[in-house]
Amino acid sequence: MSVHLFAQNNINNVDSTIYKNVTITFKTGFVLKGTILFQNDSTITFFANNYKQPTKISKSKIEKIVYPPIFDKIEPISLTERIKKKEKLDFTTTGLATNLSANQGYYKNNFIFVNSGGYAFTNNISINGGLELVNIFEGKPNFFIAPRIKFNLLPNIALGAGYYFVKLSYSGDFNFGNLSVIYSDITLGSQKNYISFGYGVNTNPNRMTIFSTHLYSKIYEKLGFSTQYWFLGDRLQKDLFIATLNIATLSHQYDFGFIGANYNLFGLYPILIPYFGYTYKFNP
């Protein structure tokens, strides 16, 4: 949410009463709870519970506003209360069934040349995709596209399924050609601590099963720890492992760690190299 100052013009039926414990439902289905600091016929200045600053919201984007049962004598919130409301809202785009909600999107960069992103049309349907820039100049573009669905069965259980089309071809042994993978996954836990398991099958003639797992844990405020593992099973077992520290704020995430693979994946020798990434989340 963008940051705005308290300065307002006293026009258009101004209501400067402070309403606490208000629930705002947007036309997109997104819901915020917090405090109305100021409003007129066209806008509301709203201080959401999990955000650091108030924001000005156009009433044209709002489906409904639910006020508390009694709000005629609400005292202004104190500076101490506002400081307490500065809770961090974390996110991770590397999870499986926990990633995006309606109208959220992200841009992600790894190793400078690997770019990807995603967008959720609803709370259940999203699409992800990306490409690697270096080999475009060599006439060997590498990219992927992945539509997916997810459902939250219970507060701590989510199911997902989708399709991956991957064009991945380099010189040497690291040449998969085209992958056409149908997969499903399950996530257990909360947004702060969860584990995901995924299973997929490559439907191309070179049939291959793919197993993945992802563990995420919030360590302290903005800091989290993430591990990801992929097992690609065909005539030669291929393993890929990523471990990172994640520094996350409302819209930004920085990943620092390492990536490792066995010798069957990249050639004759196993590898262990530094890993870094940056993610920007739209409409968090």
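In this predicted model, strand β3 (residues 43-48) runs antiparallel to β4, and 4 bridges join the two. One residue pairing here is that of Ile44, whose bridge partner in β4 is Ile57. Both strands belong to an open sheet of 5 strands with antiparallel pairing, ordered β4-β3-β2-β1-β5. At the edges of this sheet lie β4 (55-58) and β5 (62-66), each of which pairs on one side only. With direction ignored, neighbouring strands of the sheet are turned by 45° against each other on average.

The charged pairs come next. The structure holds 2 salt bridges, listed here with the N to O distance.

| Salt bridge | N to O distance |
|---|---|
| Lys108 and Asp255 | 3.0 Å |
| Arg148 and Asp185 | 3.3 Å |

The side chains of Lys108 and Asp255 meet at 3.0 Å, N to O. Lys108 is part of strand β6 (residues 105-110) and Asp255 is part of strand β16 (residues 252-261), so this salt bridge ties together parts that are 147 residues apart in sequence. Burial is assigned to residues under 20% relative accessible area. Lys108 counts as buried because its relative accessibility is 6%. Asp255, at 2% relative accessibility, therefore counts as buried too.

In the other salt bridge, the side chains of Arg148 and Asp185 meet at 3.3 Å, N to O. This pair links distant parts of the chain, with Arg148 in strand β9 (residues 142-154) and Asp185 in strand β11 (residues 175-189), 37 residues apart. Arg148 and Asp185 are both buried.

Note on methods:
Residues numbered from 1 in each chain as written. Predicted model: local features only at pLDDT ≥ 70, side-chain atom pairs only at ≥ 80, totals over all residues. Heavy atoms only, no water. Pairing = 2+ DSSP bridges. Axes fitted to C-alpha atoms, helices over the stretch in contact; angles between N-to-C directions. Salt bridge = Lys/Arg side-chain N within 4 Å of Asp/Glu carboxyl O. Buried < 20%, exposed > 50% of the residue type's maximum accessible area, 1.4 Å probe, protein only.
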